[in-house]
Amino acid sequence: MGSSVSRDDFEWTYNEEPHASRRKLILAKYPQMKELFGHDSNMVYKVGFMLTLQLIACYFVQDAPWPVIILLAYCFGGVINHAMMTAIHEISHNLAFWTSRPLHNRILGIVGNVIIAVPISISFKKYHLEHHRYQGNEEMDMDLPSKMEGVLFHTTFTKCIWLLLQPFFYAFRPLFLRPKPVTGLEIINTAVQIAFDVAIWYFLGGKSLAYLMIGTPLAMGAHPVAGHFISEHYMFKKGYETYSYYGPLNAITFNAGYHNEHHDFPNIPGCRLPKVREIAPEFYNNLPCHTSWTRVLYDFVTDPDIGPYARVKRRSRPIPINPANLDVDGDIKAE
């Protein structure tokens, strides 16, 4: 349990991230791929369904024993909260109401956010779109672990701790490494969240609120559905920085496992990402992929070649972004 990882630094590269070039090749060969661009017209109903489920659960757990609440938060509530996080990820790309109605996307994200118990929707979008534009960039990509994480969590035991603390690193890393001014929508997001939490506490009690609050960090840490946080970009095979997963947990994570496909085409909603691979199989079938998110978590902890340092990183330099290629919400337009 005390064995140390073999890496003492990130995997530095001078190559550009692979997705923009692959997108151009695929569109040149398969122009029909553009027919998949657009929004998920059922997203409102999916968000509403998850919100309703959690409200019903809050009602039934208000008098439950604490061990039952914690178990339900891990096995049920946390899974729904995690699914809502992946829905918020979709919404951050304007895939609920498309790019012509960005405010509608933001409002839906704020509404869905309430069951997560902490405000994340608006702040997540600010940093996530930069993860797409500047993948691996040492200053811009806040999905990358910090050097401190690599130094502190370098043994089997400490990597277990890192997994448990993973939601807190995702939440606070951008605030320390690349803080941004608070926006009006973030204030609204926070106000709505506080009002919802107070309402749950007032009408249903502290146990119902705890059920929601406990489920969120549990489902983002050492939990099978949280395996995608590790599987997406940690370098399990040298030279490859993005990995897909094609297993059954995609059904409750808006196909988050189709991660190469998502980075290649962020304007295609998760419900249609499997068709990307069907249309252009020769671009994806030979890429390394994962078959189990649970196995990913196990390998991350036990494999000495894997740890916070197992990420492809690029030196920061100005990367020109043509404003004409961005929509009104700052996202990259569909080509």
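1. Charge distribution. The chain carries 30 positive and 30 negative charges, and the mean positions of these two sets lie 2 Å apart. The coordinates are those of a predicted model.

2. Overall dimensions. For 335 residues, a compact globule would be expected to have a radius of gyration near 20 Å, and the value for the chain, 20 Å, agrees with this. The C-alpha trace extends over about 55 × 50 × 40 Å along its principal axes.

3. Secondary structure and contacts. The chain contains 13 helices and four strands. Among contacts with a separation of 6 or more, 78% join residues 24 or more positions apart.

4. Burial and surface. Of the 335 residues in the chain, 53% are buried. The accessible surface amounts to about 15,400 Å², and carbon and sulfur atoms supply 66% of that area.

5. Disulfides. The search of the whole structure returned zero disulfides. The criterion is a pair of cysteine sulfur atoms within 2.5 Å. For Cys75, the closest cysteine sulfur belongs to Cys58 at 16 Å, so the distance is too great for a bond. For Cys160, the closest cysteine sulfur is that of Cys75, and at 19 Å this pair is also too far apart for a bond.

6. Exposure of two cysteines. Is Cys75 buried or partly exposed? Cys75 has a relative accessibility of 48% and therefore counts as partly exposed. Cys160, with a relative accessible area of 27%, is likewise partly exposed. The cut-offs behind both assignments are under 20% for buried and over 50% for exposed.

Note on methods
Residues are numbered from 1 along each chain as its sequence is written. This is a predicted model: local features need pLDDT of at least 70, side-chain atom pairs count only at pLDDT 80 or more; totals for chains, interfaces and linings use all residues. Side-chain values use heavy atoms; hydrogens and water are left out. Helices (H or I, at least four residues) and strands (E, at least two) are DSSP runs, numbered from the N terminus. The radius of gyration is taken over C-alpha atoms; the globule rule is 2.2 Å times the number of residues to the power 0.38. Buried means under 20% relative accessible area, exposed over 50%, partly exposed in between (1.4 Å probe, protein chains only). Contact means heavy atoms within 4.5 Å. Accessible areas come from the Shrake-Rupley method with a 1.4 Å probe; for residues, only the protein chains shown count as cover. Lys and Arg count as positive and Asp and Glu as negative; His and the chain ends are not counted. The place of a charge is taken as NZ of Lys, CZ of Arg, CG of Asp or CD of Glu.
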